[in-house]
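Here are my notes from a look through the model. I've stuck to one strand and one helix, so have the viewer open as you read.

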Amino acid sequence: MRIVTITPERLSTEQVDRVVERLRTVLRDEQILTSKTDRYNRARVPAPFPVHRWAERVPDLAVLPTSTDEVAAVVRIANELRVPIVPRDGGTGLTDGAVPLRGGIVVDVKRMNEIHELDLENRTVTVGTGINMLKLNEQLARHGLIYPDDPASYPCSLVGGRIGTSGWSLIGARYGHTRDLVLSFDHVLPTGEVIHVGDGIGGKISKSSSGYQLKHLFMGHQGTLGIATKATLKLYPQPEAELSPFWAFDNYDDAYRCVGALARAGVATFAGAVLFDEWKVAYLRRDDEAYIPQPADVRALVCAVMYGYEDEVRPAGRRLFRIAKEHGARYLGDEISEGDWAARHDRYATPLHGRTKAGQVVPMSWHCEDAAVSYTRVPAVTKAWHEIVAGLRRRTDVFDDWGMFAYTSADTGVDYLTEIDIGIWEQQLGDEAWELWVQAKRDIAAAALRHGGSISACHGSCREGEVDLVPQELGRGFEVMLDVKRTLDPNNIMNPGKYLLDLAYEPGAATALAALRGGSG
Amino acid sequence: MNRTNGYRYGEQHTPPAPQRVSDVALTTFEHVYEVDPRLMERWVLQQTFPNWDSLRIMNARHDHLDWMHRHFAEKVLTGSELLAEVDAADSSPDS
Amino acid sequence: MTRADPDAGSGGDALTRPFTPGMASNDPGLAELTETVAGRVDIEIVDRETREFVEEWRNASYNCYSSGHKFCREVCPVMQVTRNESWTPTAFHANVVAMERGELDVADVAADYVNCTQCGACELRCPNTLFTGDFYRFRTRTVDVVKAVRALAVDKGVHQPQWQSWNARTDERTHEPVLGEVAVSQDTVRDWAEGLDIPVGGETVLFVDCEAAFYRTSVPRAVAQILQRAGFEFGLMGEQWCCGGPAAEMGYVEQAKRFARHNLDNWRSTGTRRVLVLDPHDYISFTEDYPKYFGDEFDIEIVLVVELLAELLRDGRITPSVPVERTVTYHDPCRLNKRKGIWEEPREILRAIPGLSFTDVDRVTQWSYCSGGGGGLPVEKPDLTAAISARRVDAAATLGVDTLVSACPWSERPLSAAGDARDIDVVDIHELLAESLGITVGGSRGEVGDRRSAGGCGGGSCGGGGGCGS
């Protein structure tokens with residue numbers, strides 16, 4: 001069921017020329033990119049992408065600004081000419097915030113990657129949002145400091161994209177997630193005005209109760225409310241010691257009980273725990289040297305990770321080892337524990353994990369469907385999601401089940417980033433398979449909502465399919481989103497077509513929303 | 001000259017005899033696992049892979065993982081030591 | 001609540017239970033599930049060469065495209081200085097997919113593919129290589145894809161003007177025109193060895209690449225004299241042509257193969273069984289390109305000099321004893337560290353040189369370092385090469401060193417220029433080792449090197465009066 005149908009009106013060549021002409025008044029020629037390759041290579045991200053309909057997602061041009069002022073000038077021109085803007089940072093997102101749906105201008109912030117100020121006394125660094133975390137931490141290491149925002153795209157995603165998606169961090173249970181680590185930032189509104197966003201006055205303040213708390217509003221909007229250009233980040237001492245034990249179980253239920261107990265233990269250096277289900281272990285036996293040789297009764301895994309001073313981590317580690325032992329865990333050994341953990345900072349799947357049901361290797365694109373699910377609901381969501389993917393595989397080899405992880409989001413074990421990894425064979429992807437996929441995404445989102453979960457813990461929920469359920473998830477809050485969008489972006493130029501926000505400008509929105517809320521799931 | 005580390009085409013294209021480790025995987029060099037080649041006969045064919053390349057990748061992987069550990073923390077604590085301490089405490093008479 | 005289900009194991013088809021595809025024990029019911037979904041419609045590519053190109057590289061490119069993770073990006077030397085996503089390894093693969101879909105053709109993409117030094121960082125850093133390349137015997141092939149696109153461009157008459165001219169002059173002179181207007185030729189290719197009394201031909205020959213033979217002649221002089229000191233027998237090639245590697249890198253494939261054939265035939269004609277290589281670029285040509293051209297016929301042993309010297313050192317056949325008072329760091333040449341995994345031997349040599357204060361940067365950090373001197377980049381885009389070199393030297397400058405040591409003559413010209421601006425000498429590891437063996441090297445260290453040596457040796461002893469543009 002498709003409730004909102006968009007017929008994108010694209011700019012004519014003359015209109016594009018006029019836009020370029022205006023942009024030349026605020027940017028150098030080499031900052032304005034109009035060639036086909038420039039545009040085709042700013043059309044997609046790792047989110048599910050209908051390769052066969054690539055051309056529909058190609059922007060009209062891209063710009064490479066180097067400062068907040070340049071970004072603001074570009075946005076003002078776009079607002080005046082009513083041309084869509086699509087903010088693009090790393091373009092590594094697993095949702096499609098950075099994919100242009102209506103053409104327009106891609107504002108690519110990668111050149112804004114300088115370190116503006118390192119404040120050792122207040123433990124902050126102020127950076128351009130085009131900087132990558134690993135590269136930043138290479139610089140900070142000289143001062144014994146670290147910015148611990150650690151997604152699976154750690155070596156390639158950028159601070160600005162982390163803000164735009166309100167990212168989730170693997171070690172967030174210890175250090176917080178992007179929303180906790182970013183203190184404040186400069187932000188260009190859809191009208192081209194520049195605001196400084198943070199708690200209260202922003203700057204180097206971590207907690208204020210002055211005024212509305214706008215920081216959350218301007219994080220995770222998937223580029224629909226503007227562009228963050230310069231951010232002040234919270235820094236920590238680089239940890240002295242790391243411990244990352246991996247344990248095996250002969251059944252899922254024991255592993256599940258164990259991960260819950262580890263997370264609830266309240267160990268201060270606890271940075272996270274991960275539960276691997278039986279499908280994930282079967283999947284790892286395809287090609288992971290750590291798991292291929294494991295005996296058949298290794299069916300589920302749990303890992304935990306701790307960071308801190310050695311004299312903190314050692315006793316904490318003993319405590320967690322004891323809990324694991326009480327839950328029937330078998331320690332997988334130092335080599336696997338250390339090797340596997342180190343590989344989780346850049347754990348994007350590789351296409352050759354893909355298999356036909358008969359076992360032939362095929363290149364598949366990795367799609368991580370995630371939800372935020374409270375601990376007690378994780379098993380039910382896990383079961384429901386595997387059934388959905390089995391339904392896809394029953395019909396075709398275009399889709400593959402790569403198993404599930406559940407990661408702690410918080411230091412108390414309240415909720416888990418619950419993900420199912422699905423392979424999609426893009427070389428075979430046509431309209432029929434794409435429609436199957438979009439429906440599966442609706443079903444996956446509906447299952448999460450049914451169990452009291454949120455559609456996404458980390459990626460965002462604006463992809464085709466799942467987005468139809470967002471009004472249901474947020475309830476009246478979704479209408480508040482529409483009001484905010486209309487107020488801040490009166491001409492709907494900022495990343496139009498995302499998150500059903502076009503409804504903010506349509507008189508029939510109420511009917512459409514009622515249909516979405518009544519008919520989905 | 002009795003050196004052995006020069007490049008020779010014949011040597012590079014003669015991998016060690018594979019040992020089976022599962023229905024879908026083999027081992028060749030120490031620490032190098034490989035897919036059973038029968039799984040790459042239809043849609044994706046394997047590339048020509050001289051020995052040096054397999055070893056280069058395997059070694060680089062280990063170096064990279066070590067680097068990642070150092071990047072995040074000064075030292076890595078060894079789980080087996082902590083487990084031994086826990087086990088020892090459990091088996092001691094006062095436990 | 002847990003997931004334990006009393007009915008688990010009973011009921012449900014094969015897809016309701018986890019399995020590893022390809023295992024003998026899998027449910028036979030899997031085989032009964034037939035494909036019910038129509039695949040996509042492929043685009044017909046009319047141009048034959050483009051079609052063949054796409055067929056050859058589509059899986060390699062989908063292996064990048066379908067991952068989309070871009071771990072290559074922050075290690076790519078071009079990307080790091082341009083921050084332009086059109087010039088990233090990811091884009092280079094995505095373009096191939098777009099060509100397969102009929103969205104782009106070679107004329108649309110050719111100019112973008114100039115922006116690559118073929119350093120191999122992207123390939124190695126890619127999880128498809130680093131984590132699974134050896135497992136599948138299928139890894140990321142950005143360098144090959146870049147070369148193939150450049151070759152297709154040449155094939156279709158889409159030339160980059162400087163490359164076309166460079167390769168035409170190389171073809172004419174049998175050597176790369178590394179001295180610009182000053183001619184290079186067969187008559188002068190052995191001039192660097194003047195006074196060293198090296199025979200021609202023999203079982204083992206030393207191959208000297210164009211940059212070293214004509215421009216930074218101190219490098220081959222250092223190598224030759226160290227080998228002589230160790231009593232290691234070798235000759236020079238009878239009629240040495242350019243290895244052909246640069247032509248292959250820029251897409252002039254026929255020329256590259258012709259040069260390779262000449263060199264192989266020439267080795268045969270002098271009874272040569274072993275070739276010593278001092279330049280990493282040649283080492284790639286001889287261990288990757290030549291084997292592809294000649295297959296089993298290629299029975300020449302290829303020995304990298306820096307590895308040989310480390311072995312001579314270990315065996316006690318050379319012993320550095322003259323202190324070299326320099327504070328140095330080492331630049332891992334891309335073609336050794338990233339593309340070949342050779343990084344230990346140069347460090348072994350540096351640690352054996354007395355007097356040196358050596359601040360090392362590990363090999364993994366250096367995956368993101370490059371001089372910008374490779375892949376024909378300085379021929380077509382010298383400013384970009386200079387920017388990459390400047391970035392590399394800036395990294396060295398933060399260590400407080402006075403000298404950056406390299407092991408690649410092609411890196412040394414752009415690095416020297418960048419180093420000059422920061423008062424950092426760029427020295428070749430062979431030059432440094434020779435100096436520590438008390439050898440007066442002679443030859444030229446290039447324009448910048450000679451000037452800095454003449455002006456008081458820029459913070460280090462200059463290893464003999466001969467190093468001043470003689």
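1. First, a caveat: this is a predicted model. With that said, take strand E12 of chain A, residues 241-243, which is joined to strand E15(A) by 3 bridges, with the two running antiparallel. If you want a pair to click on, A:Ala241 has A:Gly308 as its bridge partner.

2. E15(A) itself covers residues 300-308, and 9 of its 9 residues are buried. Side by side, A:Ala300, A:Val302, A:Ala304, A:Met306 and A:Gly308 point one way, while A:Leu301, A:Cys303, A:Val305 and A:Tyr307 point the other way. Both sets are buried.

3. E15(A) has further partners to look at. Strand E13 (residues 246-249) of chain A pairs with E15(A) through 4 bridges, antiparallel, and here A:Trp247 sits opposite A:Val302. Strand E14 (residues 270-276) of chain A is also antiparallel to E15(A), with 6 bridges between them; A:Phe276 is the residue opposite A:Leu301.

4. Now over to chain C and helix H14, residues 280-294. Does its length come out as expected or not? At 1.5 Å a residue, its 15 residues should span 21 Å, and the end C-alpha atoms are 20 Å apart, so the two agree. There is still a bend of about 30° at C:Phe286.

5. H14(C) is mostly covered, with 11 of its 15 residues buried. Among the buried ones are C:Pro280, C:His281, C:Phe286 and C:Tyr290. Just after the helix, check C:Gly295, which has a positive phi of about 60°.

Definitions and conventions
Residues are numbered from 1 along each chain as its sequence is written. Chains are lettered from A and ligands numbered from 1 in the order in which they are written. This is a predicted model: local features need pLDDT of at least 70, side-chain atom pairs count only at pLDDT 80 or more; totals for chains, interfaces and linings use all residues. A residue is buried if 20 or more other C-beta atoms lie within 10 Å of its own, exposed if 12 or fewer, and partly exposed in between; C-beta atoms are placed from the backbone. Two strands pair if DSSP finds at least two bridges between them. The expected span of a helix is 1.5 Å times one less than its number of residues. The bend at a residue is the angle between axes fitted to the seven residues ending there and the seven starting there.
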